[in-house]
Amino acid sequence: HVTSDLATDIIIKVGDLKFYLHKFPLLSKSNHMQKLVLKASEDNCDEINMVDFPGGPNAFEICAKFCYGMAVTLNAYNVVAARCAAEYLEMTEDVDRGNLIFKIEVFLNSSIFHSWKDSIIVLRTAKSLLPWSENLKIVGRCIDSIASKTSVDPANITWSYTYNRKLSVQDKIVGDSMKLREKIESVPKDWWVEDICELEIDLYKRVMTAVKSKGRMDGAVIGEALKTYAVRWLPDSVDALVSGVHSWRNKLLVETIACLLPSDNDVGCSCSFLLKLLKVAVLAGIDDSSKEDLVKRISLKLHEASVKDLLIPARSPQTTLYDVGMVQSIVNQYMTHEQRSQDVEPGKSAGFVLGHGSLLRVGKLIDGYLGEIAHDLNLSLTSFIDLSCSVSELARPVHDGLYKAIDIYLKEHPSLTKAERKKICGLMDVKKLTMEASMHAAQNDRLPLRVVVQVLFFEQVKAAARAQSRDSDARTTCVSKMSPDEEWDKTMGEDCRSLKKKMSEVETNEDGGQKNSKMGKKKSR
């Protein structure tokens with residue numbers, strides 16, 4: 001009800017509320033009310049029912065108060081509803097100068113869009129007022145305002161923002177002599193990423209697309225923004241990821257983040273974060289194109305990953321614990337990329353050294369991963385061998401990690417046939433085992449006897465070589481007339497021939513008397 005000495009002559013119903021008002025103030029400001037009142041008079045009715053009124057009773061109350069000349073308080077939380085309601089009522093300049101639409105537009109342009117946090121609040125409230133807010137370009141103007149502010153030089157940021165994360169490495173303040181005030185006033189490059197995390201997925205995508213289109217944002221900051229948003233909304237547990245309540249949302253979230261990743265694959269998100277996205281992508285069942293894009297990005301940074309990152313849970317109908325096929329695809333793409341890099345720049349020694357370093361890390365990573373999945377009773381021998389063989393020989397100067405993985409597989413799969421045991425042990429080169437691994441292998445009953453003999457043989461050769469090296473160092477006063485190769489052949493020839501003869505004898509014994517394999521091992525030692 002409006003307080004007045006005059007009796008009300010019109011009833012406006014909005015939602016569940018009825019407003020008892022006077023016709024004249026409403027007609028003087030609203031073109032749409034003029035039409036509705038005229039129609040009601042023709043129908044001999046004094047009540048008007050407004051269906052689907054944007055903003056509901058609260059928004060209509062703001063408009064009604066304005067018509068009566070009462071003070072109206074606008075803020076970031078109600079301005080969108082008031083603007084949509086004024087548009088519905090056609091409160092334009094044609095009806096009266098300085099009407100509500102004009103005043104709200106002035107407020108939006110002079111206050112709301114100049115404020116960082118108000119722009120975000122308005123954008124969030126606009127979601128519930130679609131399509132009105134979209135047609136009035138409120139959504140678009142908010143997005144442009146937010147994107148423009150993210151591109152401002154951090155040194156010129158004067159407004160408040162939310163920052164609860166640790167500073168990124170490039171933004172850390174390392175000067176111990178720096179004044180406290182300078183530390184407080186310094187603004188990190190990614191100052192804006194937390195505030196926009198409260199946006200719904202579709203609006204977040206539009207904001208990030210606008211930010212990227214400006215072309216002034218560093219790829220690493222874009223990656224940090226996407227990571228922060230994913231951490232904010234993705235559940236931690238696997239059960240929550242695949243639950244029917246939020247599975248569609250998780251799927252949309254991963255697809256959105258995947259399409260927003262920086263175009264430059266060398267910057268932006270870490271390999272660990274990309275692998276977490278891939279885990280969710282597998283569990284949520286997103287489309288193959290998005291997964292393939294993630295696999296490609298991960299393969300370029302595989303040397304940064306950890307074994308834990310690669311443990312991607314398998315989905316039905318797979319029977320294994322982890323999705324080994326997905327890791328196989330990543331490794332294959334990594335090796336293809338590595339080969340292309342060597343083909344394109346074969347003469348760059350610095351690039352070769354760096355590339356070889358990452359290759360060694362990948363070799364160690366895959367051996368560690370093989371050790372983890374070897375515990376899986378459902379892991380087939382073929383999958384284990386294929387993944388092991390997908391890594392280049394250059395990535396494994398030492399085979400200790402591979403030996404450990406093979407030993408675990410043999411232990412967890414005791415039903416392997418003699419041929420299968422021989423096949424899996426053929427993956428490793430016993431010449432590349434360290435002394436510690438060789439000592440373990442020489443006493444390992446799970447290994448085929450032939451492998452044990454090979455280990456002993458090459459350890460004997462290495463020991464003789466070390467002894468010869470010490471002797472040659474001691475003879476500093478004598479000048480050898482033979483070349484190093486000739487001296488090696490002469491010194492080692494007899495030992496090698498003797499050991500090879502013994503080895504062939506043991507192999508013959510193994511083939512002729514498998515039942516006495518333990519005795520054969522003992523004799524070989």
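Biologist: Where is lysine 137 placed?

Modeller: The model is a predicted one. In it, lysine 137 has a positive phi of about 65 degrees, although it is not a glycine. Its place in the chain is the loop between helix 7 and helix 8 (138-150).

Biologist: Is lysine 137 buried or exposed?

Modeller: The cut-off for exposed is over 50% relative accessible area. Lysine 137 has 57% relative accessibility, so it counts as exposed.

Biologist: Which residue other than glycine has a phi near 60 degrees?

Modeller: Most residues other than glycine have a negative phi. The residue in question has a positive value and sits in the loop between helix 4 (79-88) and helix 5 (100-110). With a relative accessible area of 24%, it is partly exposed. The residue is glutamate 90.

Biologist: What is omega for the peptide bond that joins serine 316 and proline 317?

Modeller: Most peptide bonds are trans. The bond between serine 316 and proline 317 is cis. Proline 317 lies in the loop between helix 16 (307-310) and helix 17 (324-344). For this bond, omega is about 15 degrees.

Biologist: Which residue does a cis peptide bond join to leucine 130?

Modeller: The bond has an omega of about 0 degrees. The partner of leucine 130 is found in the loop between helix 6 (116-126) and helix 7 (132-135). That partner is proline 131.

Biologist: What is the order of the strands in the open sheet of three strands?

Modeller: Strand 2 (17-21) and strand 3 (47-50) each have a single partner strand, so they stand at the edges, with one side of each left without a neighbour in the sheet. The twist from one strand to the next averages 20 degrees. Pairing in the sheet is mixed, and the order is 2-1-3.

Biologist: Which residue in strand 2 stands opposite valine 14?

Modeller: Strand 1 (residues 10-14) and strand 2 run antiparallel and are joined by five bridges. Across from valine 14 in strand 2 is leucine 17.

Biologist: Which helix lies across strand 1, strand 2 and strand 3?

Modeller: Helix 2 (residues 31-42) lies across strand 1 and strand 3, and runs at about 130 degrees to strand 3. The helix asked for covers residues 56-67 and runs at about 10 degrees to strand 2. It is helix 3.

Biologist: Are helix 20 and helix 21 roughly parallel or roughly antiparallel to each other?

Modeller: Helix 20 (residues 400-412) and helix 21 (residues 418-425) pack with their axes 10 Å apart, at an angle of about 165 degrees. Angles over 145 degrees count as roughly antiparallel. The two helices are therefore roughly antiparallel.

Biologist: How many residues of the contact of helix 20 with helix 21 are nonpolar?

Modeller: The crossing of these helices is right-handed. Helix 20 contributes Ile406, Tyr409 and Leu410 to the contact, and helix 21 contributes Arg421, Ile424 and Cys425. One of the contact residues is charged and none is polar; the nonpolar ones number five.

Biologist: Is aspartate 367 buried or exposed?

Modeller: Aspartate 367 is placed in helix 18 (residues 349-373). Leaving aside neighbours within four places in sequence, aspartate 367 is in contact with Arg396, Gly401, Leu402 and Ala405. The cut-off for buried is under 20% relative accessible area. At 7% relative accessibility, aspartate 367 therefore counts as buried.

Note on methods: Residues numbered from 1 in each chain as written. Predicted model: local features only at pLDDT ≥ 70, side-chain atom pairs only at ≥ 80, totals over all residues. Heavy atoms only, no water. Helix = DSSP H or I, 4+ residues; strand = E, 2+ residues; numbered from the N terminus. Buried < 20%, exposed > 50% of the residue type's maximum accessible area, 1.4 Å probe, protein only. Contact = heavy atoms within 4.5 Å. Pairing = 2+ DSSP bridges. Axes fitted to C-alpha atoms, helices over the stretch in contact; angles between N-to-C directions. Parallel < 35°, antiparallel > 145°, perpendicular 65-115°, else oblique. Left-handed = near helix turned anticlockwise from the far one by under 90°. Nonpolar A, V, L, I, M, F, W, Y, C, P; charged D, E, K, R; others polar.
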